[in-house]
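The exercises below ask you to read a protein model step by step. Try each task with the structure in view before you turn to the solution.

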Amino acid sequence: MKTGTRTLLISAFVNNIGGGIFWPFLTLHLYDLGASYVQIALLDSLSAVMYITSRAWGATSDYYGRRKPFIAVGTGLSAIPIFLCGFFNSSTPIIALFMVSSFFGSISFPSLLAALTAVEEKGKVIGWFSMLTALGWAVGTFSMGFISESLGVIGVYAIAAAIIALSAL
């Protein structure tokens with residue numbers, strides 16, 4: 001496996017640690033803020049924005065024949081709205097920020113998948129990708145409770161955003 005592929009896999013692992021911290025906490029935080037079940041369920045459908053808009057970003061990445069800028073910019077930008085979530089005590093702006101984060105995530109995701117499947121050992125790489133993203137998510141989710149207890153709401157969003165931004169590097 002080439003160094004560039006390993007770097008992308010490590011980045012996906014780190015990114016999913018941040019996602020594992022952020023995503024489970026988000027639904028709990030919204031519930032604590034008094035969000036309705038409809039608003040909380042809306043989160044799952046809003047993340048589908050990423051899959052809808054990722055088609056256009058993937059085509060743009062293919063057109064320019066470049067993957068790294070799309071991966072780095074999309075991932076880095078997706079961390080900003082997550083960080084900002086910590087400064088709101090109402091469900092509506094947090095849901096809106098999550099939608100913005102999902103949109104930015106759609107910039108990076110198709111380029112990441114294209115880069116990971118443009119290798120000779122596609123099956124092996126996708127196997128590693130699946131394992132590392134699941135492991136990163138598990139580490140992040142497990143850590144979320146400890147972070148919340150020690151650093152509070154702002155700490156959870158700040159740590160998750162910092163880890164996601166780190167994965168962009």
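**Exercise 1. The start of the chain**

In which segment does Lys 2 lie, and is Lys 2 buried or exposed?

Solution. Begin with the place in the chain: Lys 2 belongs to the segment before α1. Next, take the relative accessible area, which is 67% for Lys 2; exposed means over 50%, so Lys 2 is exposed. Then look along the chain to Gly 18, which is 16 residues apart from Lys 2, and you will find that their C-alpha atoms are separated by 25 Å. Thr 3, by contrast in placement, is in helix α1, and with a relative accessible area of 56% Thr 3 is exposed. The C-alpha atoms of Thr 3 and Ile 154, 151 residues apart along the chain, have 35 Å between them.

**Exercise 2. How far the model can be trusted**

Find where in this predicted model the confidence is lowest and where it is highest.

Solution. Start with the whole protein, for which the average pLDDT is 92 and 100% of the residues score at least 70. Then go to the helices: the lowest confidence is found in helix α3 (residues 48–64), with a mean of 84, while the highest is found in helix α6 (residues 122–168), at 96. As a general caution, predicted coordinates should not be read in detail where pLDDT is low.

**Exercise 3. Two helices and their kinks**

Compare the end-to-end reach of α1 and of α6 with the length expected at 1.5 Å a residue, and then locate the kink in each helix.

Solution. First take α1, which has 30 residues and reaches 44 Å from its first C-alpha to its last, close to the expected 44 Å. A kink of about 30° is nevertheless present in α1, and Leu 26 is at its centre. After α1 comes Gly 34, which has a positive phi, near 90°. Now turn to α6, which has 47 residues, although its end C-alpha atoms are only 22 Å apart, short of the 69 Å that a straight helix would reach. In α6 the kink is about 130° and is centred on Leu 151. Finally, consider Ala 165, which also lies in helix α6: its C-alpha is 4.9 Å from that of Gly 76, although the two are 89 residues apart in sequence. Ala 165 has a relative accessible area of 31% and is partly exposed.

**Exercise 4. Aromatic residues**

Work out which residues share an aromatic cluster with Phe 22, and describe the surroundings of Phe 22.

Solution. The count by the pairing rule comes to 11 aromatic pairs. One of these pairs is formed by Phe 103 and Phe 104, with 5.8 Å from centre to centre and 55° between the planes, and it is tilted. Of this pair, Phe 103 is partly exposed, with a relative accessible area of 31%. The cluster asked for joins Phe 22 with Trp 23, Phe 25, Phe 98 and Tyr 157. Phe 22 itself is in helix α1 (residues 3–32), and its relative accessible area is 5%; since buried means under 20%, Phe 22 is buried. Leaving aside residues up to four places away in sequence, Phe 22 touches Ile 82, Cys 85, Phe 98, Tyr 157 and Ala 160. The C-alpha atoms of Phe 22 and Ser 78 are separated by 12 Å, with their positions 56 residues apart along the chain.

**Exercise 5. A salt bridge and a serine**

Identify the partner of Arg 67 in a salt bridge, and list what Ser 111 touches.

Solution. The count comes to one salt bridge, and Arg 67 forms it with Asp 62, the closest N and O atoms being 2.9 Å apart. Arg 67 is partly exposed, at 25% relative accessibility. Then move to Ser 111, which lies in helix α5 (residues 91–117) and is buried, at 0% relative accessibility. Not counting residues up to four places away in sequence, Ser 111 touches Ser 61, Arg 67, Phe 70 and Ile 71, and the list therefore includes the Arg 67 of the salt bridge.

Note on methods. Residues numbered from 1 in each chain as written. Predicted model: local features only at pLDDT ≥ 70, side-chain atom pairs only at ≥ 80, totals over all residues. Heavy atoms only, no water. pLDDT = per-residue confidence, 0-100. Helix = DSSP H or I, 4+ residues; strand = E, 2+ residues; numbered from the N terminus. Expected span 1.5 Å × (residues − 1). Bend = angle between axes of the 7 residues up to and from the residue. Salt bridge = Lys/Arg side-chain N within 4 Å of Asp/Glu carboxyl O. Buried < 20%, exposed > 50% of the residue type's maximum accessible area, 1.4 Å probe, protein only. Phe/Tyr/Trp six-rings, centres within 6.5 Å; stacked < 30°, edge-to-face > 60°. Contact = heavy atoms within 4.5 Å.
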